[in-house]
Amino acid sequence: MKEECDQLRTKTLDQTNKEIMMDIKRSNDEIRELRESLDSLKRSHDDLQKAHSDMKRSNEVLQNNHTEMTKEVKRLKSVQNDTVPWNVRVFLQYWVNSILTYCKVVYAGIPKILFVATHKDKVPLENVETRREELYSGIEELFKDHEGKHHLVLRPLIFVNAKDKADPEIEVLKKTITELTFDHPCWGERMPNACVPLELEIAELVAEGKQIMSLVEVKELNDISEVSVLSPEQLTDFLHYQHSLGKIVYFDTPQLRDNVIISPLLMVEVMRSFITDVEFWPKEDKTRKTFKKMSENGMIQKLDLYQIWEQEEFCQILPFKEYIFDMLIHLDIVSEQRRYDTKTGSRLPIEHFFVPCMLTQRNDTDFLTQECTPERTLSLAFVFKGTIIPPALPNRLICACLSMWTLKQYRGRKLMFSGFVGLSVDKEHDIVVCVEGNKILLYLIHKRSKGLIVPEIATSVRECLHLTLERISEFYQSTVHEKVRSQLPFHTEYSCSRFICYFPEERLALKTDECVCKHGDDVTLNWKVWNQEQKQKQCDPDCTGLSEDALSQFPNNIELLRLSVNCETRMIHDLALHLELEETEWRDMVENYPRNTQMVKFLTLIVLRENNGIRFGDLAKGLTEMKSTMHTLCMMRRRKQVMSNIPDDILDSIPTDEILDNISPQIGKMVFQLGTELGLSMADLENIDKCNCDLTAQSKAVLFTWRRDTLVRPTIRVLEQALVNSRKGARCLEEVVKNVDPKTLRAVETVTDRIKDNEDRIIHNIQTSQILDHMMTHLVISADDRLDVEHYPRHDDQNKALLDIVIKRREPAYSVFVDGLRNYGYEDIANDLKCVTHDISPSPTLVSAENEGFSVWNVPLYKVRLQKNYLKVITDIQHESIVDHLISREVVSVDDGKKIESGKTPQEKNRNLMDMLLRKNEQGFNEFLKALRKDSIYADLAEQIEKTEVTSTDMATLHKCLK
C-alpha cells in the first residue's frame with residue numbers, strides 16, 4: 001500500500017494544467033445543468049401537483065354541478081307533473097291567508113272563498129275535462145291540512161274562457177255566486193231605505209269618473225240630500241256596510257278614515273304600480289330602474305313609489321298619494337320597516353318599505369347547506385299557533401332586520417329572497433331569518449365555530465327579534481280583533497345541533513327536566529347561549545369551557561385583545577414563556593411600549609399566534625398547566641354590557657364626518673385597541689401608525705377606515721360597543737351625539753346612498769368645470785376646494801374628489817350639486833339623485849347662522865360678494881385690460897398674468913383670475929371694481945358686485961368651506 005502511495009506521489013500527470021482546468025469547467029457545467037434540470041423537475045412537480053389540485057377541485061365542482069343538475073332535472077320533472085306549480089301555490093296560499101287574516105269570522109265558515117280556473121281557451125278541447133280535474137285535485141291537495149279549508153268552495157269545478165261571453169260556464173259561475181249569496185246568514189235581512197239616496201248620489205259620481213272622496217265631501221253630500229239625511233252614527237254604519245259589500249273601500253283607522261275610495265277599481269290601478277314581469281316594465285329609464293331595484297331586493301322608498309305615480313296613467317292616484325300609500329301598508333301590499341326601541345318599546349321612524357309581491361325568487365343558493373352547519377350554527381324558531389302566519393308578520397320582521405343589520409352577499413348574490421333573508425351582525429356572526437310553514441326560523445352562524453358565538457350577541461339578536469315580532473303581532477291583532485289578546489300568537493322553541501328536534505322555551509327555562517334530544521344533544525346548552533344574563537361576569541358552575549371544535553381554532557385579534565384585558569401582566573408574561581416565547585422578545589416589547597402595558601400584553605399574544613401558531617387549545621393547556629382556570633378563555637367570547645343613554649334611532653345610524661371628527665381627539669392612547677375592536681386588520685393599524693404622527697390623526701384614520709367597510713353596517717351602536725370593550729367608555733360618544741338630530745343622520749345616509757348608487761355614472765360621465773362654477777357661485781365650495789379637485793389630471797379622479805366634498809358637506813352642497821347637474825345637461829342623473837333633503841340640518845354652524853351677527857364669522861364681506869358673482873364674472877368679462885390694471889396696481893404679478901393667460905378658453909382664463917382674486921385682500925377687490933368701471937360695459941357689473949346682499953347664512957356657508 002505504501003509503495004502504491006509513493007508511486008502516486010511521484011507519478012507524472014498525463015494531462016496538462018490546461019486540460020485539467022477544462023475538465024473542471026466541464027464538470028462545473030455539468031453540475032450546473034444537473035441543478036437546472038433538478039430545479040426544472042421540481043417546478044414540473046409543483047405544476048403537476050397544482051394541476052392535480054385544480055383537477056381535483058374541477059372534479060368536485062363537476063360533481064356538485066352534476067348533483068345540482070340532477071336536482072334541477074327532478075324539480076323540472078316534478079313541475080311538469082305538478083298540476084299546481086310551486087309559484088302558483090305560494091300565491092294561492094298567500095291570498096287565502098290574507099283573506100282569512102283580515103275578514104273577521106262572525107259566522108262559521110264565512111267568508112267563502114270560491115276558486116275559478118281560467119284560460120280554458122289555452123287547453124285543447126279534448127283535454128279540458130282532464131285539466132279541470134288536475135287543477136282542482138291540486139288545489140284540494142294544497143289545502144288538505146289548512147286550518148281554513150272549511151272556508152274554501154271547490155265544487156262545482158268551474159273552468160272558464162274569459163274571452164268568450166257565451167261560455168256556458170260563465171252562467172255556472174254567476175249561479176254559484178248567487179247561491180253562495182243566498183246561503184249567507186245575513187241574506188234576507190231588511191236594508192234601511194234611508195241609505196239609498198246617498199248610495200245613488202255616490203254611484204252617479206263614480207259614473208262621472210270620480211274615484212276618491214274625502215270624508216268631509218261624503219258628509220257634505222249627505223247633508224244636502226233632499227230625501228233623507230243620515231246621522232253621524234248612521235253614516236259610519238253606511239260606510240262600513242258599503243265596504244262589506246265591496247262597493248266602496250273604507251277603513252275606520254286613524255290613518256285611513258279621512259278618505260273613501262268610492263270606485264274600488266282604483267285599487268286595480270294602484271296594483272299596477274307593482275309589475276313583477278320585466279316584459280311589462282315601462283321603457284322610461286328612471287321608472288324602469290325603480291322596478292329593477294324592487295325586483296332585486298323588494299325594497300322601496302316613498303319617493304320611488306311617488307315617482308312611479310307621476311306617470312300619466314296614475315294621475316288619479318297622485319293627489320291622494322299619502323292616503324294610497326297608507327292604504328297599501330294597511331293591506332300588506334307594502335310592509336313597513338317597523339322597528340322598536342329596545343328600552344321603551346316605542347316605534348322608531350321608518351325609512352324603507354318592503355314590497356313582498358316584487359320579490360318572488362325563492363332561495364336557490366346553497367348557503368343553508370354550506371354555511372349553516374351543525375359545527376358553526378345555533379337555531380331557534382318562533383312557532384305560531386295554527387297553520388296560518390299572517391303575511392304581515394314575516395314581511396315586517398324582514399324589514400326590521402334589514403334596518404338593523406347589513407344584507408349579506410354570498411358568492412356575489414344578495415341573500416334576499418321571498419321569505420328568506422341573510423344578514424351580517426359583525427365580521428364573525430351572520431344570521432338567517434326564514435319562514436317555513438308556521439315557523440319563523442332564526443339561525444346564528446359563527447365564521448369558525450358555534451363554540452365561539454358571543455352569548456351577548458345571541459341574546460341581543462333573540463331579544464330584538466322577539467320584541468319586534470311581539471309589537472308587530474299586537475298591531476296585527478288590533479287590526480283584526482276588537483281587543484288585543486294578552487297572549488302572544490307565537491312561542492319560542494330551541495333546536496338541537498341538527499336543526500331537527502325543537503324544545504319549547506317553557507320546558508328549558510324550568511331547568512328541572514333534562515332536555516336531551518334523540519340525537520343525544522343537550523339543548524339546554526344552546527338555550528343558555530340564547531339567554532345569557534347581560535350582567536353575568538363569571539361562567540355558570542356547570543360550564544365545561546370551550547367546545548372541542550372551538551379549541552381547535554385560531555383566536556382572532558379581538559379575542560386576543562379581550563384575553564389581554566382580562567389577564568394581569570404577570571400572567572400573560574408567564575403564559576407566553578410557557579408557550580415558548582423568548583424572554584428577550586418580551587423585553588423588546590416592554591421597551592417598545594414602556595408606558596402601555598396593555599399593548600405589550602396584546603402584542604405578545606399576537607406574536608404567539610403568528611410565530612408559534614397557538615390555538616385556543618394551546619392557551620387552555622398552558623393555563624391548566626399553570627394551575628390557572630381555563631374559564632379565562634370563556635371570557636374571550638364575552639363582551640361588556642353597554643348601559644347606553646343614546647336613543648336607538650341614533651344608535652342605528654351611521655356616524656357623519658362631523659361626529660367622527662369630534663370624537664377623534666377624545667380617544668387618546670386607546671386608538672390601537674379601538675381599531676382592533678372595530679375589526680381593522682393588523683396591517684391597517686400598522687399602516688395608520690406609520691403614516692400619522694399624532695394620536696388624533698391616528699384616531700381619525702381608524703374611524704374613517706372602519707366606516708368605509710361595507711361588510712358590516714358601521715353604526716354608532718357598533719362604535720359605542722367598541723369604545724366600551726376597549727375600556728375607553730361611551731361617555732365621550734354620548735356627549736358628541738347628544739344634540740344630533742336623528743332625521744339629519746337618516747337624511748345624510750339617504751344622500752350618501754343615492755350618490756353611491758349613481759357613483760359610476762357620475763365619475764365616468766360628467767365634466768366638472770361648469771358644475772364647479774355653479775357651486776362656487778352658491779358658496780358651497782371655496783377656491784381652495786376647486787384647486788383640490790382640479791389638480792388631478794384625470795376627470796375620473798376629479799369627479800371622485802368632488803363627490804367626497806359633497807358627501808362631507810351635505811346640505812346645502814348636495815342640493816346645489818344636484819341643481820348644477822340638472823342645469824348643465826345631466827338631468828337623468830340629477831333626477832336619480834333627487835331626494836327629500838329638508839330634514840337634513842346642514843350643520844350646527846349653519847343652524848346658528850340665522851340668529852348670529854356677521855362678526856361671528858371670520859369671512860370678509862368682499863369675498864362673499866365676489867364669489868356670489870363668480871359665474872357672472874367668468875362668463876361676461878374680457879380679462880385683458882382688467883389684468884393689465886391689476887398688474888399696474890401690483891395686485892397681481894407679471895407671472896400671475898402669465899398663469900391667467902395659460903387658460904385654453906376665455907372662461908378658463910377668467911376662472912384663473914377669479915381664483916387669484918378670491919385669495920387677495922380687500923385692496924385687490926377694490927382695484928378689481930375700479931378696473932371694471934374703467935369700461936362702461938362693465939360698470940353695471942361692478943355696481944351689482946358691490947351691492948350684492950350678504951346674509952349670515954351666506955357667511956356661515958362659506959365659512960364652513962374655509963375651515
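Start by selecting aspartate 648 and arginine 717: their side chains meet in a salt bridge, with N to O at 3.6 Å. This pair ties together distant parts of the chain, since aspartate 648 sits in helix H24 (residues 648-651) and arginine 717 in helix H29 (residues 716-725), 69 residues apart. Keep in mind as you go that this is a predicted model.

Now switch on a surface around the pair. Which partner is buried? Aspartate 648 counts as buried because its relative accessibility is 1%, under the 20% cut-off. Arginine 717, at 32% relative accessibility, is partly exposed.

**Zoom out**

Show the whole cartoon for a moment. You have 963 residues on screen, and 46% of them count as buried. The fold has 46 helices and 17 strands. If you pull up a contact map and keep separations of 6 or more, 70% of those contacts come from residues 24 or more positions apart. The accessible surface totals about 51500 Å², and carbon and sulfur atoms own 51% of that. The salt-bridge count comes to 44, so a couple more of them are worth a stop.**More salt bridges**

Select aspartate 796 and arginine 794. Their side chains form a salt bridge at 3.5 Å, N to O. Aspartate 796 is buried, with a relative accessible area of 18%, while arginine 794 is partly exposed at 46%.

Next, add Lys120, Glu129, Arg132, Asp167 and Glu169 to a new selection: salt bridges that share partners join these residues into one network. Within that network, look at glutamate 129 and arginine 132, whose side chains meet at 3.0 Å, N to O. How far apart are glutamate 129 and arginine 132 in helix H4? They are three residues apart in H4 (residues 128-142), which means about one helical turn separates them. Glutamate 129 has 49% relative accessibility and counts as partly exposed. Arginine 132 is buried, with a relative accessible area of 8%.

**Two surface patches**

Colour the surface by charge and go to Glu201, Glu204, Glu208 and Glu226. These glutamates gather in a patch of negative charge on the surface. For an anchor point, pick glutamate 201, found in helix H6 (residues 196-207). Glutamate 201 is partly exposed, at 37% relative accessibility.

Now recolour for nonpolar side chains and select Phe91, Trp95 and Ile99. Together they make a nonpolar surface patch of about 280 Å². Isoleucine 99 belongs to helix H3 (residues 86-102). With a relative accessible area of 32%, isoleucine 99 is partly exposed.

**Inside: helix H12**

Hide the surface and select residues 321-330, which make up helix H12. How many of the 10 residues of H12 are buried? Seven are, so the helix is largely enclosed by the rest of the structure. To see them, show side chains for Tyr323, Ile324, Phe325, Met327, Leu328, Ile329 and His330, the buried residues of H12. Then step past the helix to aspartate 332: its phi is positive, near 65 degrees.

**Helix H20 and its neighbours**

Move on to helix H20 (residues 569-578), where Ile572, His573, Leu575 and Ala576 are buried. What do the buried residues of H20 pack against? Display helix H19 (557-566), helix H21 (583-592), helix H22 (597-612) and helix H23 (616-625), and you have the helices they pack against. H20 is followed by glutamate 580, another residue to check on a Ramachandran plot, with a positive phi near 75 degrees.

Finish with lysine 601, over in helix H22. Is lysine 601 buried or exposed? Lysine 601 counts as buried, because its relative accessibility is 7%. Pick its contacts, leaving aside neighbours within four places in sequence, and you get Ser564, Val565, Cys567, Glu568, Thr569 and Ile572. One of these, Ile572, is among the buried residues of H20 you just displayed. For a last distance label, click the C-alpha atoms of lysine 601 and leucine 561: they sit 8.4 Å apart in space, although the two residues are 40 apart in sequence.

Technical notes
Residues numbered from 1 in each chain as written. Predicted model: local features only at pLDDT ≥ 70, side-chain atom pairs only at ≥ 80, totals over all residues. Heavy atoms only, no water. Patch = residues over 30% accessible without salt bridge, like charges linked within 9 Å, V, L, I, M, F, W, Y side chains within 5 Å. Areas by Shrake-Rupley, 256 points an atom, 1.4 Å probe, with all protein chains shown as cover. Salt bridge = Lys/Arg side-chain N within 4 Å of Asp/Glu carboxyl O. Lys, Arg positive; Asp, Glu negative; His and termini not counted. Charge placed at Lys NZ, Arg CZ, Asp CG, Glu CD. Helix = DSSP H or I, 4+ residues; strand = E, 2+ residues; numbered from the N terminus. Buried < 20%, exposed > 50% of the residue type's maximum accessible area, 1.4 Å probe, protein only. Contact = heavy atoms within 4.5 Å.
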